[in-house]
Structures are given as C-alpha cells and as structure tokens.
Amino acid sequence: MTAPPDVSGSAAEADPEAALAGMPAKAIQGRSLGQIAWLRLKRDKVAVAAGVFVVLLVLMAVAGLLLDRVFDVVHPNTFHEDLVDTEFGTLAPKGAFGGMSADHIFGVEPKNGRDIAARVFSGAWISLLIAFLATLLSVFIGTVLGVTAGYFGGWVDTLISRAMDVFLAFPLLVFAIAMVGVLPDELFGLRGEALRIALLIFVIGFFNWPYAGRIVRGQTLSLREREFVDAARSLGARGPYILFRELLPNLVAPILVYATLLIPTNILFESALSFLGVGINAPTATWGGMLSEAAAYYTIPHFMLWPGLAIFVTVLAFNLFGDGLRDALDPRAR
C-alpha cells in the first residue's frame, strides 16, 4: 500500500515561523483584487482620513435635511435682529468675531442676524445632492457611450467622438445662465426649489459626460484586444454579452476613481452658479449663495470665511480620497 505523501516539508516552507514554534502551519489563502485594493487603501492614512470625513459630511448633509425640512429643529432662515447693531446703521453683528457665542458658534450674518452655523449645516445637503446626482448622470451617459464607441469602433466611434468634441466646446456656464433666465415657473410638474435642483442636475450632469466618455473609451480600446475578449468571441458571445459581462466589470475601477474626482468639481460648479445668482433661489441656504451675500460685506470677513471654508474642506477631502482610491485600485502600483 502506497504511503501518503509527506506534506510536512511543504507546510513548514509555507509558514516557517509556525514550524519553529511547533504549531501546525496555516493554509495560504489567496486574495481577491478587492481585498488587495482595500489593504492598499488602509495603508494610506491621508486617504482613510479623507474618506472618514466624506462619510461624516454625507451624514451631516442627511441630518441637515431631516432636521431642517422634517423635524424643524434647525432654523437657517430665522432672523435675530436683536443680535445686529442698528444704532449707527452699520448692521454689523454685535460682539467680537461676528457675534460668535455658545448659541451661535460661527456667529451671525450682518443685517438680519441669521445663524451662520445653521445655514452652513443646512446648505450641505443642497451641494452634495446636486453633485452626487449630476455625477451619477455624467458617469452613466459617459460609460454607455464610451464603451459603445470603444468596442464597436468604425462610424459608431466617429459619431460619438465628434459628439464629445461638440459637448466639450459648449459654453456650459453661459448656457446655464441663459436657461435659468427663460425657465418657466413650472415644468414637468416641478416648481420652485425642486425645479431649480432638477435643472442644475441636468445642466451639470448632461453636459459633463464627455470627460467620463473619453476615459471609458480609451480603456475599452485597450481591453477589447485582450485574450479574455477573444476567448468570449470564440465561444460565440455576442456584442451585448461582451460589453456587460466582460468589459464593464473591468472598467469599474477607473469609473469609480473618476466619479470620486468629478464630485468635487460639480460641487464647485454648483457653488459658482449659486454665487452668480442662477442657482438655488434665496432664502434657501447654499454655500455659493452665502458667499454671494457675503461679497457685499467684505469688511466683515467671518461672513465669507465659513461657507468658503466648507467648500474648501469638502473639495479637498474628496480629492484626497479620490487620489488614494486611484492608487489603491492601480494594479501596477507597488
């Protein structure tokens, strides 16, 4: 009878420390690409800190929406005229540092005395909602058209590529200002604030898809020549199967990285539109709208400091997290 093979040597080689300690060796376990990316991301402390801040920011935005619109706990539009100096016509907040106190930790606005902390807190959900939904729209359109152009090539690629060039040359800011000027009071059953939010999501998301489309198209041109695509074709797979089952799973990493880097760009664009007066109408609190109102009170710097700092920290956190995620998902990284 043949004796079983001796595996003690291979076990010791697999885990020499366990063999020296007299313990049974552990089996070597493989790691998936997702596990490897997560281990790389955890080593980047800056990216992890930025990711934690992004999660807290999203939770703050959701809480701001609920506390303001559902439970009526936060009052960003409540006036406090007693906190504003009206004797000499300056309309400046009473007290040092713009009226900062235990009740108003960021101070109050000039002229009307609205609490700045409440307005920054409530304005977070507007910026993040528009940025996230506009990014989702851009990535969806760009992914569908980019993978289609890259895989099929020929006149399909030419047509979609020329459409990308047209959209990239389009004066988006001028178009947004003109569209808001001719916007009716009601459209598709929406009116007021909901109509403005839907318009900003459409304008920002629909006209920014070529950036995602170019990235996806370039990656698809490289992937369609790979062996696994040829193997799928040899087994009789058709175009839709190859697109959705072979190519798209390999495009998740660049799409995800690009989305995290596009969100802060959309936050800045929404803030710019609100600053120019073509975003969300007053008195709804938005970071860009607060900066626009603060421009008239340049001698009171705290009024401009807090919304500007909110935009800066948010954009910086998303960019740092996006950079860390890109490094973690790059298979060529050490």
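This is a stop-by-stop tour of the structure, naming what to select and what is there.

**Before starting**

The model is predicted, so local features need pLDDT of at least 70 and side-chain atom pairs count only at pLDDT 80 or more, while totals for chains, interfaces and linings use all residues. Residues are numbered from 1 along each chain as its sequence is written, and side-chain values use heavy atoms, with hydrogens and water left out.

**The whole protein**

Show the protein as a cartoon. Its secondary structure comes to 14 helices and two strands; helices (H or I, at least four residues) and strands (E, at least two) are DSSP runs, numbered from the N terminus. Of the 334 residues, 39% count as buried. Buried means under 20% relative accessible area, exposed means over 50%, and partly exposed lies in between (1.4 Å probe, protein chains only). Among contacts with a separation of 6 or more, 71% are between residues 24 or more positions apart; a contact means heavy atoms within 4.5 Å.

**Stop 1: helices α5 and α8**

Select residues 116-152 for α5 and residues 193-206 for α8. Two packed helices are described by the angle between their axes and the distance between the axes. Here the angle is about 40° and the axes are 8 Å apart. The axes are lines fitted to C-alpha atoms, for helices over the stretch in contact, and angles run from 0 to 180 degrees between N-to-C directions. That makes α5 oblique to α8. On this scale, angles under 35 degrees count as roughly parallel, over 145 as roughly antiparallel, 65 to 115 as roughly perpendicular and the rest as oblique.

The crossing of the two helices, α5 and α8, is right-handed, a term used when the near helix is turned clockwise from the far one by less than a right angle (anticlockwise gives left-handed). To see where they meet, show side chains including W125, L129, L133 and L137 in α5, and I197, L200, I204 and F206 in α8.

**Stop 2: G64**

Now move to G64 in helix α4. G64 is buried, with a relative accessible area of 0%. Leaving aside neighbours within four places in sequence, G64 is in contact with F121 and W125. Draw a distance from the C-alpha atom of G64 to that of G123: the two are separated by 7.8 Å, although their positions lie 59 residues apart along the chain.

**Stop 3: R119 and its partners**

Select R119, in helix α5. What is the relative accessible area of R119? R119 has 2%, so R119 is buried. Not counting residues up to four places away in sequence, R119 touches residues including P76, N77, P283 and M290.

Add E109, which forms a salt bridge with R119, the closest N and O atoms being 3.0 Å apart. E109 lies in the loop between α4 (45-70) and α5 and R119 in helix α5, so the pair ties together parts that are 10 residues apart in sequence. E109 is buried, as is R119. A salt bridge is a side-chain nitrogen of Lys or Arg within 4 Å of a carboxyl oxygen of Asp or Glu. The structure holds 12 of these salt bridges.

**Stop 4: the loops**

From R119, step to P283, one of the residues that R119 touches. P283 is found in the loop between α12 (252-275) and α13 (287-294). A cis peptide bond joins A282 and P283, with omega about 10°.

Next, go to the loop between α4 and α5, where D72 is placed. Phi of D72 is near 55°, a positive value in a residue other than glycine. K111 lies in the loop between α4 and α5. K111 has a positive phi of about 75° although it is not a glycine. K111 counts as exposed, at 53% relative accessibility.

**Stop 5: D230 and R233**

Select residues 227-234, which form helix α10. D230 and R233 both lie there, three residues apart, about one turn of the helix. Their side chains meet in a salt bridge (3.0 Å, N to O). D230 is partly exposed at 39% relative accessibility, and R233 is partly exposed at 36%. Elsewhere, salt bridges that share partners join E109, R114, R119 and E293 into one network.

**Stop 6: E246**

End at E246, in helix α11 (residues 239-247). Which side chain of opposite charge is nearest to E246? That is R245, 6.7 Å away, and E246 is buried yet has no salt bridge. For charge, Lys and Arg count as positive and Asp and Glu as negative, while His and the chain ends are not counted. Not counting residues up to four places away in sequence, E246 touches F228, A232 and Y241.
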